[in-house]
Amino acid sequence: MLFHEVRFHPWAAVFAASLIVVCSDLTDASCTIQTARPASSFLCTEAVQFAINSDHAPQQVAWSVTDYYGGARASGVMRSGQSTTTLRVVPTPGVGYYTLALDYEFGAHYEKIFCVLPHPDDARGDGGLFGLGGATTDSELWDALWQIGARHMRSEFSWAEVEKTRGEYRLDWVRQVADLAAERNMQLTVLTGHTPSFYGVRPMDATEQVARRWYLWQPEGTVEWHSYIDAMAGTLMPRRLIPEPVGATDTLPRGSRPLVRAWEVWSEADQSFYYGSWDRYLDMLRIAYCTVRSRGRVPIVYGSCGHMTQLQLTLQAGCGNYFDRVAFHPYYTDPQWMLMHWYRNMPQKLVVQGAMRDTALTECGFHPDDGAHEAGFMPRVYATLKAFGETLFIRSQCLGGVFTTADDPKCLARIVNGELQPRPAYVAFAVTRWMLESAQYVGPLAAPEGAQMELFLRNGSPMVIAWATEGTREVSIEVAPTARVMDALGGVTPLGGPTATVELTTDAVALLDVSFAEFARAAARGLDRTLTTELGHESEFDSGYIDTLEQDLGRCVGSQFADDLRDAVDHACDRALTNPPHGAAAFFGVQRMVGEAMLQVANEAREAGEITRLHGNTIWRLARLTEALGDIADGLGERWPGMNNVSADDLAGTLGAVAQVRSRVAEATGGAECPFADRLLDRALDRLDEVRRRGGHDRGAWWAATLEARVAHSLTAVEPPELRKVFIVGEFSTANMIMKGMLVHPGSDHAVRARVYSFLPHDVSGTVQGAMPESWGGGSPAGSFTAPAGGSSEPVKLTFSVPDQPQPWVQRDLCPIGMTTLKVDAPATLPLNEQVQLLGDVGFRALVPMTYQLYAGSYPSKAAQMASSQSAPTYPSARGGAGQARSGRLGIPIVATNWMMNQPMLPCVIRNE
């Protein structure tokens with residue numbers, strides 16, 4: 001049988017789901033058809049059995065089951081009426097989407113949609129792509145999601161909902177959601193944000209309609225935000241999930257996963273969903289990063305939506321090392337085009353830094369134009385995500401709903417209706433997850449134009465997900481004798497071999513038990529795509545800041561390396577075909593080859609005395625490549641786990657290397673870190689987590705971790721450490737809030753209350769200093785502070801003045817970031833946008849400076865119209881005038897009149913040089 005029997009977990013609760021259908025009977029009699037599971041579902045390991053409650057007179061009832069395509073699957077006759085009757089469908093239908101019909105002898109007719117699902121524990125993989133959204137406390141809904149294989153939820157715990165009363169946290173609600181997830185072994189992506197009304201600051205220029213959305217204002221201070229994040233992190237971060245069952249060939253104790261998969265700070269903060277200044281968002285980001293990470297290793301997600309402007313400001317402000325992933329929320333009918341589009345845009349600002357990041361797709365709506373094809377679209381979406389190397393995807397729309405545009409957690413749009421009646425896509429999610437969650441991506445296969453085929457290893461055997469982008473396409477493929485086609489609803493059709501011809505449509509299908517000859521072709525094409533593109537995927541657009549990996553390897557490693565790597569992969573594929581048990585070991589050799597290249601690039605950086613953009617981006621891409629090669633090796637090794645296991649000594653050695661690198665840097669610098677090396681160490685630890693989760697069966701993942709740890713160790717000799725765990729935040733108490741900014745009145749004295757947060761294990765003391773703009777008379781007010789471990793210092797008041805000359809004032813146009821023009825009164829020649837930089841020192845090390853954007857002027861405008869002098873919009877100046885090209889603090893070329901316009905994602909990257 002297709003899905004083998006597995007143990008039914010006792011914590012999987014059973015709930016009743018019923019459907020009452022109005023019939024043509026002339027009496028008032030009725031009938032309900034009940035299933036034990038929610039969403040009218042059965043697992044494939046269970047009997048398909050219904051409870052029929054009828055108040056009809058006893059009579060003969062003919063029943064029949066038809067599949068989604070109208071094919072008859074089972075039928076029979078039973079007697080029912082005025083009681084509860086049990087109907088067991090024999091033969092038991094396999095995985096699929098069905099209709100049960102009841103025809104009563106006296107004319108009544110009833111129908112019930114139901115489905116049969118693969119057991120969610122029959123495929124165990126990372127689970128990160130099969131996420132949904134919601135923080136419901138409805139256990140029935142959690143069960144409906146668990147049984148289709150959803151393995152993590154993006155749950156929003158809004159600050160305004162957690163702290164409804166000042167100083168009191170609704171942690172019982174947080175724990176209830178966490179309990180529901182943990183009972184089903186589901187992780188949480190935790191979304192935090194929004195401001196309670198008693199902490200928020202109303203923007204002056206907001207309309208009354210906008211202003212009443214107090215939960216989108218920025219908090220006046222930062223201490224309360226820290227307390228909220230600390231309470232949430234203390235509640236959620238210590239929790240772990242149940243380890244997987246022990247396997248007979250395990251070499252390591254099975255490790256558990258953390259409950260929290262990722263922590264996202266606000267959602268789309270660069271949109272109108274956040275009315276505060278970007279600087280205050282960066283304050284909250286840094287506080288959340290250090291608070292959460294002090295309790296455990298979990299990725300912190302930068303709550304953006306795709307604007308390059310805010311990322312530019314983030315880097316310029318000195319906050320580029322306070323997040324691990326960048327959020328993206330795509331809604332489109334072509335996932336491949338949209339992902340390419342994303343990587344060619346906003347993340348390029350990180351490519352400029354040589355500090356690439358992974359993406360967190362935390363709110364996504366990939367759907368076909370025609371909802372009738374939603375089921376067939378699902379394998380295409382998830383195959384594309386795996387081909388791009390994504391590991392965190394939430395299929396959900398906004399407002400907290402699950403699969404829906406409405407704020408109704410029980411309305412799973414296109415999946416189930418409001419009564420939890422399943423639609424075909426409900427089954428398709430389960431089938432797609434069963435096919436792909438534990439599958440390892442290998443590469444693409446050659447296909448005619450308009451068709452796409454992506455090859456994976458599943459249970460050690462090649463599998464292809466294939467579809468046509470439009471119309472129909474015919475493809476030929478080499479297959480094994482047991483090959484078959486599986487559609488998104490679990491329907492299976494045998495394939496003839498050794499070469500099969502398949503007609504593809506826009507409804508993606510899986511081709512199971514493909515020939516290993518196709519595996520070799522896909523591996524070669526996958527490597528070639530990695531080498532000949534800038535970012536590992538094909539695009540009609542040049543990234544602008546990075547060359548192909550092959551070109552960059554030629555500069556750092558040697559012109560012959562790329563061809564040698566191609567030969568090594570070809571040789572490894574030959575060994576996998578001619579001597580299958582040794583195929584994994586052959587790919588371990590290719591991994592080590594890539595690791596040596598990574599070390600050569602690190603040595604190049606050491607000789608140059610810095611990690612350049614070339615070095616950083618090349619190492620990052622090679623790290624992803626060695627992980628991908630490790631996945632292939634582990635996929636090949638699944639059939640011979642005893643030959644590819646990781647021993648306790650192997651694991652301890654790599655864990656020790658990671659710990660040694662981190663402790664050596666911290667001890668030598670008073671707690672500072674090398675951010676880029678630290679990100680590589682995080683990648684290594686993530687891979688080791690998978691090794692432990694699987695009981696030691698992923699030696700390819702272990703090799704990737706070992707190589708990344710070695711390279712990170714080498715980079716610490718050249719990368720300047722940063723004391724990220726101690727930082728300054730500024731609270732501008734005399735500034736007025738405007739939409740997306742802070743406004744200071746000319747001719748007045750002002751003050752910034754500088755706080756120092758410390759997340760070192762001991763108190764720190766030092767000095768803070770403000771660097772004021774020259775147009776305001778300069779000056780460097782300073783003061784001393786003491787910050788306790790895990791908390792903030794008392795505020796240090798730094799005063800400054802904004803000049804009111806020359807007179808008279810005139811009406812001028814101010815352009816806050818991404819907002820419409822705002823008319824203010826100000827001296828005619830006074831720059832309307834300036835930067836205040838906060839500097840600090842703790843004796844043994846200087847702190848990373850924090851830059852704040854301030855606007856000057858009086859609002860609302862009252863200058864006489866006759867005296868007005870309409871000026872062009874101006875933009876923040878680092879050391880030059882408005883509109884001048886310059887380099888920011890981190891050496892990033894900036895053209896102010898472009899980047900301050902809140903640029904969205906565009907068809908190709910904006911180049912500011």
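Trainee: How does the span of helix 19 (residues 699–715) agree with its 17 residues?

Mentor: Helices here are DSSP runs of H or I with at least four residues, strands are runs of E with at least two, and both are numbered from the N terminus. The expected span of a helix is 1.5 Å times one less than its number of residues. For the 17 residues of helix 19 that gives 24 Å, and its end C-alpha atoms are 24 Å apart, which agrees. Before we go on: this is a predicted model, where local features need pLDDT of at least 70, side-chain atom pairs count only at pLDDT 80 or more, and totals for chains, interfaces and linings use all residues. Residues are numbered from 1 along each chain as its sequence is written, and side-chain values use heavy atoms, with hydrogens and water left out.

Trainee: Is helix 19 largely enclosed or open, and why?

Mentor: Buried means under 20% relative accessible area, exposed means over 50%, and partly exposed is in between, with a 1.4 Å probe and protein chains only. In helix 19, 15 of the 17 residues are buried, so the rest of the structure largely encloses this helix. You can try the span check on helix 5 (residues 223–236) too: its 14 residues reach 20 Å from first C-alpha to last, close to the 20 Å expected. Among the buried residues of helix 5 are Trp-225, His-226 and Tyr-228.

Trainee: Which strands pair with strand 18, and in which sense?

Mentor: Two strands pair if DSSP finds at least two bridges between them. Strand 17 (residues 325–327) runs parallel to strand 18 over three bridges, and Arg-325 has Asp-358 as its bridge partner. On strand 19 (residues 393–395), the pairing with strand 18 is also parallel, over two bridges; here Leu-361 is partnered by Phe-393. The chain travels from strand 18 through helix 10 (residues 374–387) to strand 19, a right-handed β-α-β crossover. Right-handed means that, with the strands pointing away from the viewer, the path from the first strand over the helix to the second runs clockwise. Seven of the seven residues of strand 18 (residues 358–364) are buried, so the rest of the structure largely encloses this strand.

Trainee: How many cavities does a search of the whole structure find?

Mentor: Rolling a probe the size of a water molecule over the atoms shows where empty space is left. On a 1 Å grid over the protein atoms alone, a cavity is a set of points where a 1.4 Å probe fits but cannot get out, and lining residues have an atom within 4 Å of a point. Grid points are joined across faces, edges and corners, and a volume is the space filled by probe spheres set on the points. The search finds five cavities of 30 Å³ or more, and the largest cavity has a volume of about 40 Å³. Its lining includes Trp-278, Lys-740 and Tyr-855.

Trainee: What is the phi of Lys-740, and where does this residue lie?

Mentor: Lys-740 has a positive phi of about 65 degrees although it is not a glycine, and it lies in the loop between strand 28 (736–738) and strand 29 (741–744). At 7% relative accessibility, Lys-740 counts as buried. Asn-459 also has a positive phi, near 55 degrees, but at 47% relative accessibility it counts as partly exposed.

Trainee: Which peptide bonds are cis in the loop that holds Pro-806 and Pro-808?

Mentor: One joins Gln-805 and Pro-806, with omega about -5 degrees. Another runs from Gln-807 to Pro-808, with omega near -5 degrees. Pro-806 is in the loop between strand 34 (796–802) and strand 35 (810–814), and Pro-808 is found there too.

Notes
1 Å grid on protein atoms, 1.4 Å probe; cavity = no way out; pocket = protein on both sides within 12 Å on 5 of 7 lines; lining within 4 Å.
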